[in-house]
Amino acid sequence: MKLSVDRIVEGIAVCENDEGEILKINLSQLPEGTGEGSVIVFESGEYSLDKESEEERREELFDLQNMLFGDDE
């Protein structure tokens, strides 16, 4: 299961899965380096960071932002 970290509030990572469900997970249970925008994979009872998916999502959002608001560069 893939989760994206929406925000972190008082040591709790508020995450969303691909179906739009919200999960709250203690930050201490997640890998070091987890932050807002991180993509987390839960497999075999463990969480890990998915840097490749995170970068893909950031690029998609950047492209969408440029499409909506224009590229000032």
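Colleague: Which residue follows α1, and what is the sign of its phi?

Modeller: G70 follows α1, and its phi is positive, near 85°. This is a predicted model, in which local features need pLDDT of at least 70 and side-chain atom pairs count only at pLDDT 80 or more, while totals for chains, interfaces and linings use all residues. Residues are numbered from 1 along each chain as its sequence is written, and side-chain values use heavy atoms, with hydrogens and water left out.

Colleague: What span should α1 have, and how far apart are its end C-alpha atoms?

Modeller: The 19 residues of α1 should span 27 Å at 1.5 Å a residue, and the end C-alpha atoms are 27 Å apart, which agrees. The expected span is 1.5 Å times one less than the number of residues. Helices here are DSSP runs of H or I with at least four residues, strands are runs of E with at least two, and both are numbered from the N terminus.

Colleague: Is M67, in that helix, buried or exposed?

Modeller: M67 counts as exposed because its relative accessibility is 65%; the cut-offs are under 20% relative accessible area for buried, over 50% for exposed and partly exposed in between, with a 1.4 Å probe and protein chains only.

Colleague: OK, the core now. Which residues make up the largest nonpolar one?

Modeller: The largest nonpolar core has 7 residues, namely L3, V5, A13, C15, I25, L30 and I40, and β1 (2-9) and β2 (12-17) each supply at least two of its residues. Such a core is a set of buried Ala, Val, Leu, Ile, Met, Phe, Trp, Tyr and Cys residues joined through side-chain atoms within 4.5 Å.

Colleague: What does V5 contact beyond its neighbours within four places in sequence?

Modeller: V5 is in contact (heavy atoms within 4.5 Å) with A13, V14, C15, T34, G35, E36, G37, S38 and I40, once those neighbours are left aside.

Colleague: And where is E36?

Modeller: E36 sits in the loop between β3 (22-26) and β4, and it is exposed, with a relative accessible area of 51%. Not counting residues up to four places away in sequence, E36 touches V5, D6, R7, I8 and R58.

Colleague: Changing topic, which loop holds E10, and what is its phi?

Modeller: E10 lies in the loop between β1 and β2, with a positive phi of about 50° although it is not a glycine. Most residues other than glycine have a negative phi. S44, found in the loop between β4 (39-43) and β5 (46-49), also has a positive phi, near 50°.
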